[in-house]
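Colleague: I'd like a close look at one part of this model, please. Could you walk me through it slowly, with the cut-offs as they come up?

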Amino acid sequence: MLSIQGVHTFYGQIEALKGVDIEVQEGEIVTLIGANGAGKSTLLMTVCGNPRAASGRIYFDDQDITGLPTHDIIHRGVAQAPEGRRIFPRMTVIENLRMGALSTEDAYFDDDVASVFNLFPLLHERRNQRGGTLSGGEQQMLAIGRALMSRPKLLLLDEPSLGLAPMIVKQLFAVIKEINEQQGVTIFLVEQNAYHALRLAHRGYVMATGEVIMAGTGADLLANPRIHAAYLEGGHQGA
Amino acid sequence: MAYFTQQLINGLTLGSIYGLIAIGYTMVYGIIGMINFAHGEIYMLGAFIAIITFLLLGLAGVTFVPLVLLLVLILSMAFTAVYGWTLERMAYRPLRGAPRLAPLISAIGMSIFLQNYVQILQGARVKPIQPVLTGGMVLTQTEGFAVTLSYLQLIIIVLTVVLMVAFSLLIGKTKLGRAQRACEQDRAMAALVGVNVDKTIALTFVMGASLAAVAGVMVTLYWGVIDFFIGFLAGLKAFTAAVLGGIGSLPGAMLGGLLIGLIEAFWSSYFSVEYKDVASFSILVLVLIFMPYGLLGRPEIEKV
């Protein structure tokens with residue numbers, strides 16, 4: 001469904017991605033883990049065309065989307081809950097969800113809102129509150145809900161667990177699983193919370209300084225001693 | 001009291017015109033954080049297109065006044081919108097992502113260019129026009145002083161109210177309006193939900209330009225003379241109005257416009273005409289000292 005082939009991305013002179021290859025099959029949850037600054041968020045944003053890949057190709061649904069403008073890529077069925085949540089602060093919860101539904105038919109709106117509220121009942125209570133006044137966890141739920149409103153084929157999640165209490169993180173990962181299993185949405189999940197992410201995902205990739213250094217099934221990576229040392233026990237890794 | 005009422009009417013009329021122009025400043029600022037200093041020139045172009053259309057319609061023998069007004073408004077808005085779109089496309093879009101000063105300088109350049117362009121094409125002398133719409137209604141008559149509301153003033157005020165309501169609905173309720181607000185709040189995120197940011201910004205310029213065109217048409221009718229330089233002071237006043245009301249806020253722009261119009265009208269009639277501009281700019285200074293974000297503006301605090 002998503003095929004990233006040899007992608008390089010630059011911020012000015014800095015090479016943030018140094019030839020990344022990643023495949024995501026339809027129906028999968030694939031996770032990408034790695035330390036701060038590894039290029040995980042850059043990769044998600046490159047998939048969405050901002051910044052554009054300097055070289056390499058990105059295919060979505062067998063079509064080349066490299067170099068397309070962001071809104072065009074979104075209209076093809078990609079949605080992202082980006083780093084930092086990026087809720088529209090002066091729009092209400094409902095209006096934020098309506099923004100998410102921009103690329104679908106208006107007729108779906110009521111059903112889709114109901115299904116988002118079903119996943120996140122808290123948002124229903126807050127529906128007329130402005131996005132900027134929500135707590136971090138609520139904003140994260142809204143960011144995911146907003147992304148779902150476009151009925152995406154592929155959902156890109158950028159560190160949904162960041163800054164959330166362990167209890168909320170657990171609930172959130174349960175919801176991500178539900179979205180994948182019940183609604184059949186393919187999920188590409190970027191996380192630093194490697195333990196939860198690898199347990200949830202079918203497959204995983206490990207990234208360091210702009211390159212994929214390891215790949216495998218979630219269970220294999222969890223069992224891998226290097227992963228354990230680097231990402232699961234608070235240890236540090238040079239690369 | 002009668003004199004006061006008359007000045008109130010005059011002030012509201014003038015204020016409506018400033019308000020219509022101010023909306024263009026405030027919308028563009030809201031969405032790309034830039035002051036479009038060429039916006040006053042867009043208004044001036046609207047006035048010139050209006051005067052040309054009036055003359056052409058006159059030559060063609062169209063004399064039914066409501067029809068003439070309607071045609072002039074539509075044509076003037078359409079042509080001015082094209083100017084607004086072109087301006088954005090040529091002078092601002094290539095500078096997107098450049099330091100903030102660059103589009104500002106570009107805007108000043110476009111302003112000078114458009115003034116000279118009209119001066120060369122149309123000449124530097126003032127252009128008069130025959131009164132198209134005359135007459136009015138006497139509201140009250142006391143002590144030999146009649147308070148009149150001319151039909152033109154009525155049209156200006158009513159048209160402004162109608163446009164304001166229509167615009168508020170457009171921004172608040174439509175897909176385009178939501179896309180504009182999304183771009184204003186977080187442009188990168190707006191693109192991530194599928195908003196075509198470039199198109200939305202271009203449409204913002206088109207909308208602002210067509211409102212300025214309405215102001216241009218109205219001023220042509222109201223004053224009866226225009227020249228290539230009217231955009232400068234009107235633009236400055238409307239910009240003042242937008243800042244006074246709180247730049248980025250639509251109701252603020254309208255409120256600021258009305259206030260500037262009223263201040264000018266009252267100052268000219270009770271104190272001195274010469275210092276009316278000083279009065280409105282002084283009020284701006286005072287408001288900004290005590291309310292730096294303007295009357296209806298919002299401090300730039302972002303919760304992250």
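Which strands of chain A does helix 7 (residues 166-183) of chain A lie across, and at about what angle does it run to strand 8 of chain A?

Modeller: Happy to! Please keep in mind that this is a predicted model: local features need pLDDT of at least 70 and side-chain atom pairs count only at pLDDT 80 or more, while totals for chains, interfaces and linings use all residues. Residues are numbered from 1 along each chain as its sequence is written, and chains are lettered from A and ligands numbered from 1 in the order in which they are written.

Helix 7 of chain A lies across strand 3, strand 7 and strand 8 of chain A, and runs at about 155 degrees to strand 8 of chain A. Helices (H or I, at least four residues) and strands (E, at least two) are DSSP runs, numbered from the N terminus. Angles run from 0 to 180 degrees between N-to-C directions, with axes fitted to C-alpha atoms, for helices over the stretch in contact.

Those three strands belong to an open sheet of six strands in chain A, ordered 6-7-8-3-9-10 with mixed pairing. Two strands pair if DSSP finds at least two bridges between them. Strand 6 (78-81) and strand 10 (211-217) of chain A are the edges, each pairing on one side only. On average, neighbouring strands of this sheet are turned by 15 degrees against each other, direction ignored. Within the sheet, strand 3 (residues 29-34) and strand 8 (residues 186-191) of chain A pair in the parallel sense, over five bridges. One partnership to look for is Ile33(A), whose bridge partner in strand 8 of chain A is Glu191(A).

Helix 6 of chain A also packs on the sheet, where it touches strand 6 and strand 7 (154-158) of chain A. The direction of helix 6 makes about 175 degrees with that of strand 6 of chain A. Glu138(A) sits in this helix, which spans residues 136-148. Glu138(A) counts as buried because it has 21 C-beta neighbours inside 10 Å; the cut-off for buried is 20 or more other C-beta atoms within 10 Å, while 12 or fewer makes a residue exposed and anything in between partly exposed, with C-beta atoms placed from the backbone. Apart from its neighbours within four places in sequence, Glu138(A) is in contact with Leu122(A), Leu123(A) and Arg126(A). Contact means that two C-beta atoms, placed from the backbone, lie within 7 Å.

Helix 6 of chain A in turn brings us to helix 4 (residues 109-119) of chain A, whose buried residues are Asp112(A), Val113(A) and Val116(A). Seen down the axis of helix 4 of chain A, these buried residues fall within an arc of 100 degrees, so they line one face of the helix; the arc is that of the directions from the helix axis to the C-beta atoms. They pack against helix 3 (93-100), helix 5 (121-125) and helix 6 of chain A. On the other side of helix 4 of chain A, Asp110(A), Asp111(A), Ala114(A) and Asn118(A) are exposed.

Some other strands of chain A are worth a look too. Strand 1 (residues 2-11) and strand 4 (residues 55-60) of chain A run antiparallel, joined by five bridges, and Leu2(A) has Phe60(A) as its bridge partner. Strand 4 also runs antiparallel to strand 5 (residues 63-64) of chain A, with two bridges, one partnership being Tyr59(A) with Asp64(A). Strands 4 and 5 of chain A form a hairpin with two residues between them, and Asp61(A) in the turn has a positive phi of about 55 degrees.
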